[in-house]
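Please open the model in your viewer and keep the selection panel at hand. The tour below moves from one interface to another, with a suggestion of what to select at each stop.

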Amino acid sequence: MAASDPFLLTGNCEPVPMASIPRVSFESFRDFLIDAVKGGARISAMPVWPSETGQQLNVLAVMAFPQIAELGILTSELPPRWPSLTPDCPSFHWFEREIAEQWHVVPDGHPWLKPIRFAPSCRLQPNQSKSVAIGQTEFFAMSDHEGHEVAVGPVHAGVIEPGHFRFLCHGETVFHLEISLGYQHRGIEKAMTGGPTLLSRHYIETLAGDTTVGHTTAYCNTLEALAAIQAPARAEAIRAIAAELERVANHIGDIGALAGDVGFLPTLNYCGRIRGDVLNLTAELCGNRFGRGLLRPGGVAFDLHAKSIDYLSNRIEAIRQDTTSAIELMFDTPSVLARFERTGTLAIETARRIGMVGVAARACGLEYDIRNEFPYGMYRLAQLPVKTWASGDCFGRAYVRWLEIQQSLAFIRQQLHELPGGKTEKELPVIRQGYFCAVLVEGWRGEICHAVATDQQGRFAFYKVVDPSFHNWFGLALALRHQQISDFPLCNKSFNLSYCGHDQ
Amino acid sequence: MLRIIKTRFSQKYRTMSFPNGPAPELPERFAGRPVISDNCVSGCNNCQSNCPTGAITFSNENECPAIDTGKCIFCRACQTACPSNNIQFGPDYRLAAISRNNLIISNNPPVPENIRHRLAAKLFSRSLKLRQVSAGGCNACEADSNVLGTPAWDMGRLGIQFVASPRHADGLLITGPVTQNMKLALEKTYAAVPSPKIVIAIGTCAISGGIYCDHPEQCNGAESILPVDLFIPGCPPHPLTIFDGLLRFLGRL
């Protein structure tokens, strides 16, 4: 029996009727999921929603099978308690914590069942208290009398989002880092249910503001798939250009910040400036430096004129030269490499087992890249080989970024040169009722999954967003083990995960 | 070492001359201060019904729309929806205000108000140290504030800097709608800043809650918790809008 049995197999961005998704007992559901992961599949999303009477809960799994380039979908009824999947399959640990928090159910035997967002439950009755005390949970503690704990945040020293970090240390050595989030929770998932409304696209655009293009691409792909249309080729190309600009801008900013964290100021300063230059190119496309208002279901709101294409091509070349000089300087400096190498190392097997995605996974040698494994939009026509590095340390995470910057700049130039003609926007018809669609997109941090179902009125029955940070925060915690506390800023920046994308 | 010096030359001097020279050029499609005219078709409220955040109102005596830039996310849905081209988001980046009411813009907009803050101009005009607090911000307002410290903008040359501790700060720069989960941390951070202190709300979320307005998970902006001295609207505001707002607030422009 193949690991993909009995999942309903479908492609990325290919909707299926809700009624056609196989439904099995929870016991089998659990076994099939674990077998699928053992067979090389990855969990992408696990939405839960109440039945029409509100008495029962349904659960759905979106498994990515990269070997056959298909997504496998399976549903079941979610019992109030079940034997946790996490001990058998650690990549489910954050999903089970989310489900337990949102729906007041219990995965028995979960090793660290604590809230991930400190948000009110989705099952709350109107008269129940809405407040959950943020950061009030049973944190890990060390019993050794020589051990000590360092607690940091939610307000940090830099211009950065809030999160709470607890280091369990012995001397300078970190035994474990516990990460407690939820400070950025704005209630997006709840507000998306019942949509689309005038606000839906804006929720997605600001879900993780530095990934506006990535998440909005997923939103547009979802609505277009549910409405059974394809965006015009020219719109797809402009979306891909915007997505790669977003990747380049963030990677350059990250490399600059990594240089800053080891005290190498030239690259910090050059990259800080160049990042702004790249954001300005996105503003050239649509007026907004983060690409807000550019992507819409049906296409893009702004076309590229010949003059802008020339301007962008010239600017991309200038940015390539500036970036190359700034970043190669850093990688040729032995004192920087001495700090990057063998700091925050993760083994490839650890990364695979805990379900890491994106740059952090590729820096451990995993060839995970949605643009290549489950191509969508323009990436169906323009192949981008996956950039990996095997070291799994801060150097690897920095170097994969540099490889991707070069690849993306070349891709943007090529797309500008070969921009397809024609329209940039189509009318979006009414979306289909009673359908489910899973969309994967490679954001600059990694895999973005939007898993969406529509009800009989064509409204979102649920709209589940899984940001890459959701998979990766625990990777940072493990990378810190046996490091010194002073390595934390460097390790943290080498992952550069999103707080708001996680907290939603 | 020689390589570092050589790279320094090839990267050149890139700090803008603003505020002593002209402001940097903004992209053609930039959406700045709305320009509203009053040729409305009687009874038309397309702009209002297409606005995702309820930023547009019509006053009774006047059939011309007014946009509350403290709620507006500059998505231009109203501009597209208007049959008479009455709403344009112009190139003027000067959007900051020191009173909430002055963020509401209607026809015949006055020249952007004088936003010099008496206390801030007297105490902090040559040195303003700010503690940034993200309270549900999406990282866009944070990024466009942070960029002001990079060599292109270099607001440090004018004495404005972000500092690591609230105890070293003259005030707070707040982004995000102020989530319930950040409320206490924000209050504590404010309390830790020595008086006299100022509060700056950056971005539509921090001013009114923005698109998250009335979600139970947040507090509809910083003003619900703290006295706000300077409002800088946008989603996110362009760095130039923030820079201009800070400089005029301090009486340096």
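How many salt bridges are there between chain B and chain A? The count is five, a salt bridge being a side-chain nitrogen of Lys or Arg within 4 Å of a carboxyl oxygen of Asp or Glu. Before selecting anything, note that this is a predicted model, in which local features need pLDDT of at least 70 and side-chain atom pairs count only at pLDDT 80 or more, while totals for chains, interfaces and linings use all residues. Residues are numbered from 1 along each chain as its sequence is written, chains are lettered from A and ligands numbered from 1 in the order in which they are written, and side-chain values use heavy atoms, with hydrogens and water left out.

**First stop: chain B against chain A**

Select B:Asp144 together with A:Arg289, which form a salt bridge whose closest N and O atoms are 2.8 Å apart. Now widen the selection to the side of chain B that touches chain A, to which helix H1 (2-11), helix H2 (46-50), strand E6 (128-134), helix H5 (140-146) and helix H6 (180-192) of chain B each supply at least two residues; helices (H or I, at least four residues) and strands (E, at least two) are DSSP runs, numbered from the N terminus. The largest share, six residues, comes from H1(B).

Across the whole interface, 55 residues of chain B are in contact (heavy atoms within 4.5 Å) with 60 residues of chain A. The two chains bury about 4600 Å² between them, with 56% of it on carbon and sulfur atoms, where buried area is the accessible area (1.4 Å probe) that two parts lose on being put together, summed over both. Highlight B:Gln11, B:Arg29 and B:Asn181, which supply 17% of the area that chain B buries against chain A, more than any other three residues.

**Second stop: the two domains of chain A**

Next, colour domain 1 (8-99) and domain 2 (200-466) of chain A separately, bearing in mind that domain bounds come from an automatic or database domain assignment. Their C-alpha centres lie 27 Å apart, and about 2200 Å² is buried between these domains, of which carbon and sulfur atoms give 67%. On the domain 1 side, select A:Asn12, A:Pro15 and A:Arg42, which supply 27% of the area that domain 1 buries against domain 2, more than any other three residues.

Finally, keep A:Arg42 and add A:Glu447, since the side chains of this pair meet in a salt bridge (3.4 Å, N to O). Between domain 1 and domain 2 of chain A, the count is three salt bridges.
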